[in-house]
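Hi,

Here is the structure I said I would pass on to you. Have a look at it first, and then read my notes underneath.

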Amino acid sequence: MTLRPAFRLNGFVMLLVLFVVGAAGLFGGIAASAAANSGGGVGSAVGAGAGYVIAALAVVLLTGLTTVSPNEAKVLQFFGRYIGSVSEAGFFWVVPLTAKRRISLRVSNFETQKLKVNDFDGNPVEIAAVVVYHVVDSFKSAFSVDDYEEYVQTQSEAAVRHLATVHPYDAAPDAAPAVASVVDRTASGPDVAAPASLRNGTEVAEELTAELRERTALAGVEILEARITHLAYAPEIAQSMLVRQQAAQVVAARSRIVEGAVGMVGMALQRLTEEGMVELDEERRASMVSNLLVVLCGDRSAQPVVNTGTLYS
């Protein structure tokens, strides 16, 4: 069984018709009862009964009136059987004596709890996400799961936990070789790229949204967006990981300095050789390279020593 529109008529028209029919039946029954009491015979009694039945039937048919608000659906059940849904806003008359369950089609959002889970590298992290969704199939939301809101929340937390286990917290430069080695051991191929960092917001959000859409399709829910709102190392390792990150940044910075210094030294020696400004043997060349590297790579101002003799004295 799938989602289908329910039979419905204009509520205002049906309200007017049932009011007229009910009033006519009631007044006709009262008049016939009065005639029967005055000796009108069997015909009057039958007319009175018919009038009261018509009035009672009109009252029963009034139970089919229902109001549907914008971005809302009414799921109709006639003695337990699904007979359709009304998703159009307005005042309608549907099959009477039906159970009408309200399903909101509005966009909703919620934030998961801060979950503590180990990331791809085995480090404990705290993670939370915000999920934006809305119902697109009122039949599935009403009958495929017990409570679609609770179902979405539970599946969202499960998806966030799974996301954290397949991505590292931070793809730090010093952690890249370790990550690559772990991937190589677990993957079948020799060349496997390291997974994206949890701090890579766009890629991780797209992956989380796609996984949640698969998980919640059973409940007739469409996930519009899912993004990480909280990401941090667990308190017991936060200080250690901060020291590691600082060390990694220092190493990266010094590597860039050395790379630039080597290029500058090579360029200086090349210019000196090409312009013939000075002839350097291997020992003097090594001494110049050493001095230039000390000046360029040092983290403080150089204090030169003036040599009044020769290099060999």
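Below is what I found, going from the inside to the surface and then to the charged pairs.

Before anything else, keep in mind that this is a predicted model.

Let's start with helix α6, which covers residues 201-216. This helix has 16 residues, and from its first C-alpha to its last it reaches 22 Å, close to the 22 Å expected at 1.5 Å a residue. Its buried residues are Val204, Ala205, Leu208, Thr209, Glu211, Leu212 and Thr216. What do they pack against? Their partners are β9 (124-135), α4 (148-165) and β10 (221-233).

Two of those helix residues turn up again in the largest nonpolar core, which has 31 residues. Leu208 and Leu212 are among the members that touch the most other members, together with Tyr133, Tyr148 and Val221. The elements giving two or more residues to this core are β8 (115-118), β9, α3 (138-143), α4, α6 and β10. Another core lies apart from it, with six residues that include Val68, Leu76, Val86 and Val94.

If you want to zoom in on one spot, try Leu208. Leaving out residues up to four places away in sequence, Leu208 touches Ala129, Ala159, Val160, Leu163, Ala226 and Arg227.

Ile223 is another good one to click on, and you will find it in strand β10. Is Ile223 buried or exposed? It is buried, because its relative accessible area is 0%, and buried means under 20%. With the same kind of sequence neighbours (up to four places away) left out, Ile223 touches Val131, Val132, Tyr133, Thr209, Leu212, Arg213 and Thr216. Ile223 and Asn109 are 114 residues apart in sequence, yet their C-alpha atoms are 9.7 Å apart in space.

Now for the outside. Leu57, Val60, Phe78, Phe79 and Leu97 make a nonpolar surface patch of about 490 Å². Phe79 sits in the loop between β3 (72-78) and β4 (81-86), and with a relative accessible area of 67% it is exposed.

Gly266 is in helix α7 (residues 235-275). Its relative accessible area is 35%, so it counts as partly exposed. The C-alpha atoms of Gly266 and Val289 are separated by 8.5 Å, with their positions 23 residues apart along the chain.

Finally, the charged pairs. Side chains of opposite charge can pair when their charged atoms come close. How many salt bridges are there? The count comes to four, and here are some to look up:

- Glu88 and Arg8 meet at 3.1 Å, N to O. Glu88 is in the loop between β4 and β5 (90-93), while Arg8 is in the segment before β1 (9-10), so this pair links distant parts of the chain, 80 residues apart. Both count as partly exposed, Glu88 at 45% relative accessibility and Arg8 at 29%.
- Glu72 and Arg102 have their closest N and O atoms 2.5 Å apart. Glu72 lies in strand β3 and Arg102 in strand β6 (residues 99-104), 30 residues apart. Glu72 is buried at 5%, whereas Arg102 is partly exposed at 47%.
- Arg215 and Glu211 have their closest N and O atoms 3.1 Å apart. Both lie in helix α6, four residues apart, about one turn of the helix. Arg215 is partly exposed at 27%, and Glu211 counts as buried at 14%.

Have fun exploring!

Notes: Residues are numbered from 1 along each chain as its sequence is written. This is a predicted model: local features need pLDDT of at least 70, side-chain atom pairs count only at pLDDT 80 or more; totals for chains, interfaces and linings use all residues. Side-chain values use heavy atoms; hydrogens and water are left out. Buried means under 20% relative accessible area, exposed over 50%, partly exposed in between (1.4 Å probe, protein chains only). The expected span of a helix is 1.5 Å times one less than its number of residues. Contact means heavy atoms within 4.5 Å. A nonpolar core is a set of buried Ala, Val, Leu, Ile, Met, Phe, Trp, Tyr and Cys residues joined through side-chain atoms within 4.5 Å. Patches are made of residues with over 30% relative accessible area and no salt bridge: like charges are joined within 9 Å, nonpolar side chains (Val, Leu, Ile, Met, Phe, Trp, Tyr) within 5 Å. Accessible areas come from the Shrake-Rupley method with a 1.4 Å probe; for residues, only the protein chains shown count as cover. A salt bridge is a side-chain nitrogen of Lys or Arg within 4 Å of a carboxyl oxygen of Asp or Glu.
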